[in-house]
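The following report sets out what can be read from the coordinates of a single protein model, beginning with charged side-chain pairs and moving on to the fold, the annotated spans and the surface.

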Amino acid sequence: MDESRKKKWVAWAVAAAIFVVLMLVTPAIPQDEAYHHFADHRTLFLGIPNTLNVISNIPFFFVGVTGLILCHYKDYFRLSSQGELWSWTLFFAGVTAVAFGSSFYHLNPNDATLIWDRLPMTIAFTSIMAIFIIERVDERAGAKSLAPLVIAGVLSIMYWSFFDDLRPYAVVQFVPCIAIPVMAIVIPPIYTHSSYWLWAAGFYLLAKVEEAADKPIYRWTHQIVSGHTLKHLCAAMVPVFLALMLAKRTIEPERVSLFQKWKISLVTVRERRSKDRSTVDVDCNYAVVSNTSEQ
């Protein structure tokens, strides 16, 4: 076994060990029934219960289908490997399925229907992790990790469904939320337009804030729109930014991380300010000398 493969196995073993320790030392997290009690439960038209929470999922369908088509239409996204192609295909398939799963859940919110809301989201989350491993760590390792990651995500949903314990699902959902922005900033990218990852992460974070503030937002907007409806619209912007990134990006000629670019920009700004101050000091000294000479 070569050194690089050994390191990969060690990394997976450490991750598995950490997960097992967390499961042993942390208490179970049951699904709170209050989660299903959303602020806006109006039936506005066509007899659709919870109307806005249902129809606000429509953007996921259009973005997901568009992404699926462009993944396979005339190599529009210029995906460089089969691993990338199938990872992005699975991501956009998950996004498309969110439109149906989340709509189904919001027609009748309960634990049984929530499974179909979370399942496609989990597929999208885990696909994104595989994509990041392909792009930032190792192409072959990322491609091989796609199936195990997706299976782990599906198992986390099944575990919650059978044992009413959200801990594995919380790991699957929140680890990508932390790992992806960090990797996007620290690890040099293969492709250009890497900042689009941060825009996507920003909109997802905003969506989670709106979800938590469901009822306050409903009050602040005088019962026009709830935080959960806005959450759907903001979350749908995540695949929008990622599709734009895929359409615009090219191979990065010089692999430099965003952190390094920001560091270089900061140094450049400081040097400019230092030069400007030096110029001002010289001008001031010249003015003083000129006034003294005239006197």
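## Salt bridges

In this predicted model, the side chains of E84 and R249 form a salt bridge, with a nitrogen-to-oxygen distance of 3.2 Å. This pair ties together distant parts of the chain, since E84 sits in helix 4 (residues 82-107) while R249 lies in the loop between helix 10 (227-248) and helix 11 (258-294), 165 residues apart. Both partners, E84 and R249, are buried.

A second pair is made by K261 and E252, whose side chains meet in a salt bridge at 3.8 Å from N to O. E84, E135 and R249, for their part, are joined into one network by salt bridges that share partners. Of the two residues in the K261 and E252 pair, K261 is partly exposed because its relative accessibility is 35%, a value that falls between the limits of 20% and 50%. E252, by contrast, counts as buried because its relative accessibility of 13% is under 20%.

The side chains of D40 and R42 also meet in a salt bridge, here with an N to O distance of 2.8 Å. D40 has a relative accessible area of 2% and is therefore classed as buried, whereas R42, at 26% relative accessibility, is classed as partly exposed. In total, the structure holds seven salt bridges, among them the pairs described above.

## Overall fold

The protein contains 11 helices and zero strands, and its pattern along the sequence is accordingly written α-α-α-α-α-α-α-α-α-α-α. Of its 295 residues, 41% are buried. When contacts between residues at least 6 apart in sequence are considered, 72% of them join residues at least 24 apart.

The accessible surface of the protein amounts to about 16,900 Å², and carbon and sulfur atoms account for 69% of that area.

## Annotated transmembrane regions

An unreviewed UniProt entry places the feature "transmembrane region" at residues 54-73, 85-107, 113-134 and 146-163. For residues 54-73, the model shows 85% helix and 0% strand, with the end C-alpha atoms 30 Å apart. The span 113-134 is 100% helix and 0% strand, and its end C-alpha atoms lie 33 Å apart.

## Nonpolar surface patch

A nonpolar patch on the surface is formed by V14, I18, F19, V20, V21, L22, L24, V25, V171 and V175, which together have about 860 Å² of accessible area. Helix 1 (3-25) and helix 7 (167-186) each supply at least two residues of this patch, and the largest share, eight residues, comes from helix 1.

One of the patch members, I18, is found in helix 1. With a relative accessible area of 48%, I18 is partly exposed, and the residue passes the patch requirement of over 30% because of that value.

## Cysteines

How many disulfides does the structure hold? The count is zero. A disulfide is a covalent bond between the sulfur atoms of two cysteines. Two cysteines can nevertheless be described by their accessibility: C71, at 5% relative accessibility, counts as buried because that value is under 20%, while C177, at 27% relative accessibility, counts as partly exposed because that value lies between 20% and 50%.

Technical notes
Residues are numbered from 1 along each chain as its sequence is written. This is a predicted model: local features need pLDDT of at least 70, side-chain atom pairs count only at pLDDT 80 or more; totals for chains, interfaces and linings use all residues. Side-chain values use heavy atoms; hydrogens and water are left out. UniProt positions are given in the numbering used here, feature names are shortened, and annotations may be inferred rather than shown by experiment. Helices (H or I, at least four residues) and strands (E, at least two) are DSSP runs, numbered from the N terminus. Patches are made of residues with over 30% relative accessible area and no salt bridge: like charges are joined within 9 Å, nonpolar side chains (Val, Leu, Ile, Met, Phe, Trp, Tyr) within 5 Å. Accessible areas come from the Shrake-Rupley method with a 1.4 Å probe; for residues, only the protein chains shown count as cover. A salt bridge is a side-chain nitrogen of Lys or Arg within 4 Å of a carboxyl oxygen of Asp or Glu. Buried means under 20% relative accessible area, exposed over 50%, partly exposed in between (1.4 Å probe, protein chains only). Contact means heavy atoms within 4.5 Å. A disulfide is a pair of cysteine sulfur atoms within 2.5 Å.
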